[in-house]
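Let's talk through how a few structural labels earn their place. Each question asks what stands behind a label, and each answer sets it against its definition.

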Amino acid sequence: MKNNIFILKKIDEEIIKQLVNIYCSAFSKFYFRNWSFQDFIDLINNGYSIFYSIYNDKVIGFAVVSFNKDFSEIITIAVESNYQRKNVGRNLLNYIMSSADFEGNFILDVAIINTVAIKFYEKAGFKEIGKRHNYYLICEGDNVGQKIDAAVMQL
Ligand SMILES: CC(C)(COP(=O)(O)OP(=O)(O)OC[C@H]1O[C@@H](n2cnc3c(N)ncnc32)[C@H](O)[C@@H]1OP(=O)(O)O)[C@@H](O)C(=O)NCCC(=O)NCCS
């Protein structure tokens, strides 16, 4: 699917509201803490790069990346449910990897219960290099308080 990718360079309320909605809907099934409007402001103010995909004037996916000299970290990628499995995530990853800011390896954490995301990253060439125990906290639902391990993956 053809979509245009942009970098969020300054605080844009309309875009950020859409990012919050996508985050909340994409991750709702895991019951982790949702990201708020303020979380995105903090990410921008702390130098994280936010890439977002636009289709029909709507944000349909985004990625947050911390670029560093030796390795860069993918903080998250989320695609709006109706647009998943249409290459939106893959296009974002490819765009990030070809970004001029990138100089080293990529690393990321993903909840071990998130099998779709693990398959997505494996398809892009990421390999698991370790685990972080009790890394994610379930904040709602029947299992509130339970902690979930993360797989650490590298490209
Ligand atoms: C993970 C996520 C970002 C993938 O984005 P996407 O745009 O749906 O994925 P793409 O269409 O680009 O898929 C690329 C490849 O990933 C794999 N993949 C993606 N979704 C998959 C699924 N539901 N089941 C199995 N493999 C899948 C496939 O190998 C796919 O290639 P193929 O379609 O040629 O087989 C998306 O599912 C999402 O937003 N999930 C919820 C949020 C999340 O878990 N983010 C990652 C947190 S670290």
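The questions below go through a helix, a ligand shell, one arginine and some paired strands.

Q: What kind of model is this, and which pLDDT is needed for local features?
A: This is a predicted model, in which local features need pLDDT of at least 70, side-chain atom pairs count only at pLDDT 80 or more, and totals for chains, interfaces and linings use all residues. Residues are numbered from 1 along each chain as its sequence is written.

Q: How do you know that the span of helix 1 agrees with what is expected?
A: Helices (H or I, at least four residues) and strands (E, at least two) are DSSP runs, numbered from the N terminus. The expected span is 1.5 Å times one less than the number of residues. Helix 1 has 15 residues and should therefore span 21 Å; its end C-alpha atoms are 21 Å apart, so the two agree.

Q: Which residues of helix 1 are called buried, and what makes them one side of the helix?
A: Buried takes 20 or more other C-beta atoms within 10 Å of a residue's own, exposed 12 or fewer, and partly exposed lies in between, with C-beta atoms placed from the backbone. Ile-16, Leu-19, Ile-22 and Tyr-23 are buried. They cover an arc of only 120 degrees around the axis (taken from the directions from the helix axis to the C-beta atoms), so they sit on the same side of helix 1. Glu-13, Glu-14 and Asn-21, on the other side of helix 1, are exposed.

Q: Why is Arg-90 called partly exposed?
A: Because Arg-90 has 15 other C-beta atoms within 10 Å, it is partly exposed. Arg-90 lies in helix 3.

Q: What makes up the shell around the ligand, by class?
A: A residue is near a molecule if its C-beta atom, placed from the backbone, lies within 6 Å of it. Of the 20 residues around the ligand, Gln-84, Gly-89, Arg-90, Ala-117 and Lys-123 come nearest. Helix 4 gives the most to this shell, with 5 residues. By class there are 10 nonpolar (Ala, Val, Leu, Ile, Met, Phe, Trp, Tyr, Cys and Pro), 5 charged (Asp, Glu, Lys and Arg) and 5 polar residues (the others, Gly among them).

Q: How do you know that strand 7 pairs with strand 6?
A: Two strands pair if DSSP finds at least two bridges between them. Strand 6 and strand 7 have 7 bridges, in the antiparallel sense. Strand 5 is also joined to strand 7, by 5 bridges and antiparallel.
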